[in-house]
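Okay, thanks for coming, everyone. I'd like to spend a couple of minutes on one chain and then on how it touches its partner. Here's the picture.

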Amino acid sequence: MKLILTGILAGLLAATAARADEMVFTSWGGTTQEAQTKSWAAPFEASSGIKVLQDGPTDYGKLKAMVEGGSVAWDVVDVEMDFAIKAAKDGLLEPIDFNVVPKADLDPRFTTDHAVGSFYYSFVLAWNKGAVSGEPTGWADMFDLTKFPGKRTFYKWSAPGVIEIALLADGVPADKLYPLDLDRAFKKLDTIKSEIVWWDSGAQSQQLIASGEAAFGQLWNGRVFALQQDGADVGASWKQNMTAADVLVIPKGSKNKASAMKFLATATSAKSQAMFAEASGYAPINTAAKAEMPADVVKSLPDAYVDGQIDLDMNYWAENRDKIAERWYAWQAK
Amino acid sequence: MSGNLLHRLPILRRSDGIGGALPALTLITLFFVVPVVALLLRSVTDPVPGLQNYATLFGDGTYARVFFNTFLVATVVTAVTVIVAFPVAWMLAIMPPALGSIVFGIIILSMWTNLLTRTYAWMVLLQRTGVINRTLMDIGLISEPLPLINNLTGVTIGMVYIMLPFMILPLVGTLRAIDPMTLRAAALCGASPFDAFRRILLPLSLPGIAAGGLMVFVMSLGYFVTPTLLGGTSNMMLAAMIAQMIQSLLNWGLGSAAAFILLLVTMALYALQLRLVGAKRMTGGI
């Protein structure tokens, strides 16, 4: 019965399944997916003759339904790295064929047996200069309601980032973050809970900060970069910026696995990664990409702010994802 | 299961046979009954056979709070909708038909606009830097933005707006059926307008209020988009919680159990509605 349900679900989802000379790429929409389309899909289509259909946004529930129902409509999916580690363990992903996807230049931090990096980014502290008096200098300022009153915005979903920010603000040294002290983190978050506005998509985080609806918040650096490019009066602090990565995966049972592998090879190549980084402000996962980029773009990347930079621990998160998520959502609903 | 329901619906019994209804019934069986049964099965088999998913839902304070929120929002929305809809419905009932059909058209037209668009429009109006707060601050009525969004206020405003047609339409039907002479008679007998409303109009319009109110309540229980966009995380309703379990937590067993409970509650309310209001009014009496 379980199979029938998932079969029906997946059948519906796969109703627009790609033909042999087509494949489907799924990502998160917005400026990020536009940049991926332009930097990866377009050159891939030109060189391979395989048409890349765009779909989205990424939805882990759908991905699981497709794989369990045996009717996979997505061939390459952009997912968060901690999800990828967990999903590989749960048997939802195809192993990467590194004979097709050259591994030599890929940043080993973001490469696993079942995933290659898509891009990596930092969480930075961004603020609307018109809505904040003075300059916040670090995560602790987001918890200082007297010095910095106003709404602050954080990422809504249970994911690496906010818990770590709360702990750092509470005085936990950066090298002692893991294992995460959840009690302490939630206690710290309680002190500003009434002032938190949650963002659940990158576009929303931009809208909140640009309009001053939230005075400041924890944003993906690429989104801040795009705001500043558009001339919005937005400041950013890179102090203790936190890196995390999106990775590209192939759902188990993809009907265009061979095309998908070739797509990964193009997407992770130095040239495509450089193009994408230039368009999005996110960092390339191909270590040779920087040589292909203009110097001023290289300066705006997380790589330029390694001093005090914190790598969010994806393996810890993959291991504890469900447990943390349960507490996270319970706390939010309170 | 479907056969049972069929015989209890008088409107179907009146028809000559179910031959013509076969395509629709097949569709409902395939895409509603089968998935619902699968849902129920999943809720007691995933991840292991047993009732642990239901035990979790009932035993955990968080989930209890979400259930409470859901009923709270549905109750508040229904009450406010009734209060707002009644004058409109009354006006429509006594209006000249030509003018009435224009107002009707406007109400119906609002239902044709995309739900998401309408909800986003409310975000633009209600947020701290939104049109309403800006205007009120500009004319000096308030010095701090009113908290109109990310809370129960925002959810109520957005949902009442969407639910209004579902309340107004059945209510107009009921109000039109009331003989205006009864109100004149009340006035002649010395009843004040308020007395006439309280003792004549209100009791006579109760079937319409009950029909519309239950419809609004039942629809509100399963609402997702509006509470998610206009409410805060502490206003989470069942539908949003189910989506979270399915999409983010990938805990399909628990999500199925919650969905099944929501379905049961909704069906129980529908049965109550059938009993109170009568199937005839529900299915074709307006």
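Let's start with the record: the UniProt entry, which is unreviewed, puts "domain: ABC transmembrane type-1" on residues 67-273 of chain B. Keep in mind that what you're looking at is a predicted model.

So what does that annotated stretch look like here? Residues 67-273 of chain B are 80% helix and 0% strand, and the C-alpha atoms at the two ends of the span sit 21 Å apart.

Zooming out to the whole of chain B, you get 15 helices and zero strands. The C-alpha trace spans about 70 × 65 × 30 Å along its principal axes. Chain B has 286 residues, and 31% of them count as buried. As for how the chain folds back on itself, take the contacts in chain B between residues at least 6 apart in sequence: 74% of those join residues at least 24 apart.

Now, the partner. Chain B puts 25 residues into the contact with chain A, and chain A puts in 24. Which helices of chain B each supply at least two residues to that side? They're α3 (22-45), α5 (61-94) and α13 (238-247). The top contributor is α3(B), which gives eight residues to the side touching chain A.

And for those of you thinking about chemistry: on chain B, the side that touches chain A has eleven nonpolar residues, ten polar ones and four charged ones.

That's my tour. Happy to spin the model around if anyone wants another look.

Methods
Residues are numbered from 1 along each chain as its sequence is written. Chains are lettered from A and ligands numbered from 1 in the order in which they are written. This is a predicted model: local features need pLDDT of at least 70, side-chain atom pairs count only at pLDDT 80 or more; totals for chains, interfaces and linings use all residues. Helices (H or I, at least four residues) and strands (E, at least two) are DSSP runs, numbered from the N terminus. A residue is buried if 20 or more other C-beta atoms lie within 10 Å of its own, exposed if 12 or fewer, and partly exposed in between; C-beta atoms are placed from the backbone. Two residues are in contact if their C-beta atoms, placed from the backbone, lie within 7 Å. UniProt positions are given in the numbering used here, feature names are shortened, and annotations may be inferred rather than shown by experiment. Ala, Val, Leu, Ile, Met, Phe, Trp, Tyr, Cys and Pro count as nonpolar, Asp, Glu, Lys and Arg as charged, and the others, Gly among them, as polar.
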